[in-house]
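Me: I've got a model open on my screen and a few things I'd like to talk through. Can you walk me around it?

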Amino acid sequence: MSQVGSTMPVQQRSSDEVLREALEANGQRFTGQRAAVYRFLSSTDRHPTADEVFLAVRGQEPVISLATVYNTLETLVGCGLAVKLGYADGSARYDGRTDDHHHARCLDCSRIFDLPDPHVPGEVASLSRGLSGFRVTGYRLELTGQCEACVAPSARAEPL
């Protein structure tokens, strides 16, 4: 079982306890605003943007600012409690799941889905054999395409 410096498994500890321990280990303070952001992020599988996190938590923390949400998300990433998914257009989404897993992204609606099978190291090893002098230290796999909801309208369209 996964543990974070405690004898109690992470699944049985509250998100506030996990957050408090990770923040303290990284020289950061625990705050109610940080807790609200972390609770939301760790409870969703939607891979939200910072704006979406802001809109979701401001009901609990009415005085929270968008800048605080951005800073908190970066702090969570730095503490290993979140993953930042950055894209070439400069946009970013955040994932509260920090285990080894990969994603599929819909090019129409931008929704991101977790792939069910996270293990592809054999394929990565075979791909990297052709890279002379290049040492692979990590990889990120993302499938792109159209999700079921975005494909459905075009599949029902009548031909002219």
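Me: Which residues make the nonpolar surface patch of about 270 Å²?
Reply: Bear in mind that this is a predicted model. One member of the patch, Leu-131, is in the loop between helix H5 (121-128) and strand E5 (142-145). With a relative accessible area of 43%, Leu-131 is partly exposed, and a patch residue needs over 30%. The patch of about 270 Å² is made by Leu-131, Phe-134 and Val-136.

Me: OK, zooming out: in what order do the elements of the protein run from the N terminus on?
Reply: The protein has six helices and five strands to place. From the N terminus on, they run α-α-α-α-β-β-β-β-α-β-α.

Me: And what share of the residues in the protein is buried?
Reply: Buried here takes a relative accessible area under 20%. The protein has 160 residues, and those that are buried make up 30%.

Me: How much area does the protein expose, and what share do carbon and sulfur atoms supply?
Reply: The protein exposes about 10200 Å². Of that area, the part supplied by carbon and sulfur atoms is 52%.

Me: What about the salt bridges: how many does the count come to?
Reply: Side chains of opposite charge can pair when their charged atoms come close. The cut-off here is a side-chain nitrogen of Lys or Arg within 4 Å of a carboxyl oxygen of Asp or Glu. By this rule the count is seven salt bridges.

Me: Which residue does Arg-39 meet in a salt bridge?
Reply: The N to O distance in this bridge is 3.1 Å, and the cut-off is 4 Å. Arg-39 is partly exposed at a relative accessible area of 35%, and its partner is partly exposed too, at 24%. The side chain that Arg-39 meets belongs to Asp-16. The pair links distant parts of the chain, 23 residues apart, with Arg-39 in helix H2 and its partner in helix H1 (residues 15-25), namely Asp-16.

Me: Which residue forms a salt bridge with Lys-84?
Reply: The closest N and O atoms of this pair are 3.0 Å apart, and the partner is Glu-74. The two link distant parts of the chain, with Lys-84 in strand E1 (residues 83-86) and Glu-74 in helix H4, ten residues apart. Lys-84 counts as partly exposed at 39% relative accessibility, and at 34% so does its partner, Glu-74.

Me: Which residues are linked with Arg-97 in a network of salt bridges?
Reply: Asp-114 forms a salt bridge with Arg-97, the closest N and O atoms being 3.3 Å apart. Asp-114 lies in strand E4 and Arg-97 in the loop between strand E2 (92-95) and E3, so this pair ties together parts that are 17 residues apart in sequence. Both are partly exposed, Asp-114 with a relative accessible area of 25% and Arg-97 with 31%. The residues linked with Arg-97 in the network are Asp-99 and Asp-114.

Me: Now the rings. How many aromatic pairs does a search of the whole structure find?
Reply: To pair, the ring centres would have to lie within 6.5 Å. Searching the whole structure for aromatic pairs gives zero.

Me: Which ring does the charged end of Arg-20 sit over?
Reply: A charge has to be within 6 Å of the ring centre to count. Arg-140 meets that over the ring of Tyr-87, at 5.2 Å from its centre. For Arg-20 the distance to the ring centre is 3.9 Å, and the ring is that of Phe-30.

Me: His-47 has a positive phi; is the residue buried or exposed?
Reply: Most residues other than glycine have a negative phi. Phi of His-47 is near 55 degrees, and the residue is in the loop between helix H2 (32-43) and helix H3 (50-57). Its relative accessible area is 2%, and because the limit is under 20%, His-47 is buried.

Me: Where is Ser-110, the other one I flagged?
Reply: Phi of Ser-110 is also positive, near 70 degrees. Ser-110 is partly exposed, with a relative accessible area of 32%. Its place is the loop between strand E3 (103-106) and strand E4 (112-114).

How values were computed. Residues numbered from 1 in each chain as written. Predicted model: local features only at pLDDT ≥ 70, side-chain atom pairs only at ≥ 80, totals over all residues. Heavy atoms only, no water. Helix = DSSP H or I, 4+ residues; strand = E, 2+ residues; numbered from the N terminus. Buried < 20%, exposed > 50% of the residue type's maximum accessible area, 1.4 Å probe, protein only. Phe/Tyr/Trp six-rings, centres within 6.5 Å; stacked < 30°, edge-to-face > 60°. Lys NZ or Arg CZ within 6 Å of the ring centre and 35° of its normal. Patch = residues over 30% accessible without salt bridge, like charges linked within 9 Å, V, L, I, M, F, W, Y side chains within 5 Å. Areas by Shrake-Rupley, 256 points an atom, 1.4 Å probe, with all protein chains shown as cover.
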